[in-house]
Amino acid sequence: MYRVASRIRKALGDAPLTEVWFAFDDLQAWSGRLQGQPLASVETLGKALLLKFPDGTTIYTHNQLYGRWMFSTPDRRPDTGRQLRLALSTSKKSALLYSASEIDVLAPGRLDEHPFIKRAGLDILSSGADWPQVAEWISHPGFARRSLGHLLLDQSFLAGVGNYLRSEILFRAGLAPACRIGGLGDQAVEHLADAACEMMRRSARTGGITNDPERAERLKAAGWKRRDYRHYVFGRDGQACFDCDGPVEKTVVAGRRLYWCSRCQAG
Ligand SMILES: [Zn+2]
């Protein structure tokens, strides 16, 4: 979502919006109020986007599986069979949201009352948090007793960690999925915070490649397929761990597949 947010910011800039259109009638009443304002900021919160206006109004969107942002000039719409749900245009560019399952408008000052936001965890990408801040957040006693394999998929822990990032963060931190934060020393908590920051930022920067950048480049040049060089462990069961040559293992935690190296992640 972080990349989508940057694209929206780039498309609309700080020019006043000439069009704010909602497919849902009950939201369309906001259109007159928002038109003429520029977009103040676009923030991500897990898989949700917060489009903020200077007067304090916020458009909240959550794409679930099918929502998709597309971009065009205002005089023509993309050729798609999808249903348009939200259109934001300046005189030069349109940002168009298709097939989203949840869109809401929050009046100034009401943002904190949105149920999704109330239970949201720390979003490393949009908050710009550094690893000491992440370490402080994950050390909260409320997180101490659950296994990391479960916790990392809980959006109230770290927002925006999808299934592959869970495996990659654990590998990078050298921690087994069954570890609990309450049982870790300070140094392991710091490694976990650092791994979470690094994996999320690298993935946003590279479009989903979490492996060491130099190694990924080298393997790509050697003709490896993207799915084989993309991650440290995710999707690589039965193959050799890049670090120790041991076998990458596959298991299921919290109903989703998880990959790990039991030698490198003995912690
Ligand atoms: Zn290993």
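## The hairpin of β2 and β3

Ser 41 stands opposite Lys 52 in β3. In this predicted model, strands β2 and β3 (residues 48-52) run antiparallel to each other and are joined by five bridges, and Val 42 has Leu 51 of β3 opposite it. The two strands make up a hairpin in which two residues lie between them, and Gly 46, located in the turn, takes a positive phi of about 60°.

## The sheet β2-β3-β4-β8

The hairpin strands belong to an open sheet of four strands, ordered β2-β3-β4-β8, in which the pairing is antiparallel. At the edges are β2 (41-45) and β8 (102-106), each of which pairs on one side only, and the twist from one strand to the next averages 20°. Helix α1 (residues 2-12) packs on this sheet, where it touches β2 and β3, and the direction of α1 makes about 170° with that of β2.

## The sheet β1-β6-β7-β5

A further open sheet of four strands follows the order β1-β6-β7-β5, and its pairing is antiparallel. Its edge strands, each pairing on one side only, are β1 (19-22) and β5 (68-72), while neighbouring strands in this sheet are turned against each other by 15° on average when direction is ignored.

Strand β1 pairs with strand β6 (residues 84-89) in the antiparallel sense, over four bridges, and within this pairing Trp 21 has Ala 87 of β6 as its bridge partner. Helix α1 packs on this sheet too, touching β5, β6 and β7 (94-98), with a direction that makes about 25° with that of β5. Helix α1 thus touches β2 and β3 of the sheet described above as well as β5, β6 and β7 of the present one.

## Packing of α8 against α9

Helix α8 (residues 163-173) packs with helix α9 (residues 186-206) at an angle of about 135°, their axes lying 8 Å apart; α8 and α9 are therefore oblique to each other. The crossing in which α8 passes α9 is right-handed. On the α8 side the contact is made by Leu 165, Glu 168, Ile 169, Arg 172 and Ala 173, and on the α9 side by His 191, Leu 192, Ala 195, Ala 196, Glu 198, Met 199, Met 200 and Ser 203. Sorted by class, the residues of this contact comprise eight nonpolar, two polar and three charged.

## Packing of α6 against α9

Helix α6 (residues 131-138) also packs with α9, here at an angle of about 120° and with the axes 8 Å apart, so that α6 and α9 are oblique to each other. Their crossing is right-handed. From α6, the residues Trp 131, Val 134, Ala 135 and Ile 138 meet Val 189, Glu 190, Leu 192, Ala 193, Asp 194, Ala 196 and Cys 197 of α9, and by class this contact has nine nonpolar residues, two charged residues and no polar ones.

Leu 192 and Ala 196 of α9 take part in the contact with α8 and also in the contact with α6.

## Confidence of the prediction

Over the protein chain the pLDDT averages 92, and 99% of the residues score at least 70. Confidence in the chain is lowest in helix α4 (residues 115-118), where the mean is 71, and highest in α8, where it is 98. The helix with the highest confidence, α8, is thus one of the two partners in the oblique packing with α9.

Key
Residues are numbered from 1 along each chain as its sequence is written. This is a predicted model: local features need pLDDT of at least 70, side-chain atom pairs count only at pLDDT 80 or more; totals for chains, interfaces and linings use all residues. Axes are lines fitted to C-alpha atoms, for helices over the stretch in contact, and angles run from 0 to 180 degrees between N-to-C directions. Angles under 35 degrees count as roughly parallel, over 145 as roughly antiparallel, 65 to 115 as roughly perpendicular and the rest as oblique. A crossing is left-handed if the near helix is turned anticlockwise from the far one by less than a right angle, and right-handed if clockwise. Two residues are in contact if their C-beta atoms, placed from the backbone, lie within 7 Å. Ala, Val, Leu, Ile, Met, Phe, Trp, Tyr, Cys and Pro count as nonpolar, Asp, Glu, Lys and Arg as charged, and the others, Gly among them, as polar. pLDDT is the predictor's confidence in each residue, from 0 to 100. Two strands pair if DSSP finds at least two bridges between them.
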